[in-house]
Amino acid sequence: MTDMTAQEDGTYLADATGQQILQTVDVESLIDKYGGISKVTGIAIGGRPAYRTGEDLARLTGISKAGSDQTEHGIRKLHTNINMGVVDCYSVNKTIADMAGMQLGWKAEV
């Protein structure tokens with residue numbers, strides 16, 4: 001789910017503050033591989049490329065969404081280098097099964 005603009009190369013462009021991109025965690029394949037009761041103690045959200053083209057949108061905030069509850073995590077400053085990426089990591093105390101329906105992504109910020 002996103003309100004960012006899809007580019008021809010498969011990337012997404014944010015052109016307004018508050019725009020988001022979210023991807024749903026593929027819990028079924030994780031359960032098949034590791035089991036539903038396996039503990040999850042941390043989550044990393046990555047994005048590449050992730051860079052700014054001006055001064056208006058200079059940060060990305062890591063976000064997670066479960067149902068209607070959305071949580072903001074770390075804020076990452078964007079650079080002008082088109083080869084840069086961003087990663088936000090945070091601690092959790094869940095099982096893989098607890099992550100069903102969870103979405104992870106980014107929100108564009110000033």
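**Local environments and core of the predicted model**

Gln7 lies in the loop that connects strand S1 (5–6) with strand S2 (12–13). The model is predicted. In it, Gln7 counts as partly exposed, because its relative accessibility is 32%, and the partly exposed class sits between the 20% and 50% cut-offs. Neighbours within four places in sequence aside, Gln7 contacts Tyr12 and Leu13. The C-alpha atoms of Gln7 and Trp106 are 17 Å apart in space. In sequence, 99 residues separate Gln7 from Trp106.

The overall fold was examined next. The protein contains one helix and eight strands. Along the sequence, these elements follow the pattern β-β-β-α-β-β-β-β-β. The C-alpha trace spans about 45 × 30 × 25 Å along its principal axes. Of the 110 residues, 35% count as buried. Contacts between residues at least 6 apart in sequence were also considered; 68% of these join residues at least 24 apart.

Surface and charge were then computed. The exposed area of the protein is about 6900 Å². Carbon and sulfur atoms supply 48% of that area. The side chains include 10 positive and 14 negative ones. The centres of the positive and negative sets lie 8 Å apart.

Nonpolar side chains tend to be buried together in soluble globular proteins. In this model, the largest nonpolar core has 20 residues. Ile43, Leu60, Met99 and Leu104 have the most contacts inside this core. Strand S4 (39–47), strand S7 (86–95) and strand S8 (103–109) each supply at least two of the core residues. Beyond its neighbours within four places in sequence, Met99 is in contact with Val25, Val27, Val40, Ile43 and Lys94. Ile43 thus appears both as a contact of Met99 and among the core residues with the most contacts.

Two buried polar residues were inspected in turn. Ser64 is placed in strand S5 (residues 59–66). Its relative accessible area is 8%, so Ser64 is buried; the cut-off for that class is under 20%. The side chain of Ser64 makes a polar contact with the side chain of His73, at 2.8 Å. Residues up to four places away in sequence are not counted in the wider contact list of Ser64. That list holds Asp69, Gln70, Thr71, His73, Tyr90, Gln103 and Leu104. One of these, Leu104, is also among the residues with the most contacts inside the core.

Lys107 is located in strand S8. Lys107 counts as buried because its relative accessibility is 14%, which is under the 20% cut-off. Its side chain is joined to that of Glu72 by a polar contact of 2.3 Å. Leaving out neighbours within four places in sequence, Lys107 touches Gly18, Gln19, Gln20, Arg59, Leu60, Thr61, Ile63 and Glu72. Among them is Leu60, another of the residues with the most contacts inside the core.

The backbone was checked for peptide geometry. Most peptide bonds are trans. The bond from Arg48 to Pro49, however, is cis. Its omega is near 5°. Pro49 is found in the loop between S4 and S5. Strand S4 is one of the strands that supply at least two residues of the core, and strand S5 holds Ser64.

Technical notes
Residues numbered from 1 in each chain as written. Predicted model: local features only at pLDDT ≥ 70, side-chain atom pairs only at ≥ 80, totals over all residues. Heavy atoms only, no water. Helix = DSSP H or I, 4+ residues; strand = E, 2+ residues; numbered from the N terminus. Buried < 20%, exposed > 50% of the residue type's maximum accessible area, 1.4 Å probe, protein only. Polar contact = N/O pair within 3.5 Å; in protein donor to acceptor, adjacent residues only side chain to side chain. Contact = heavy atoms within 4.5 Å. Areas by Shrake-Rupley, 256 points an atom, 1.4 Å probe, with all protein chains shown as cover. Lys, Arg positive; Asp, Glu negative; His and termini not counted. Charge placed at Lys NZ, Arg CZ, Asp CG, Glu CD. Core = buried A, V, L, I, M, F, W, Y, C linked by side-chain atoms within 4.5 Å.
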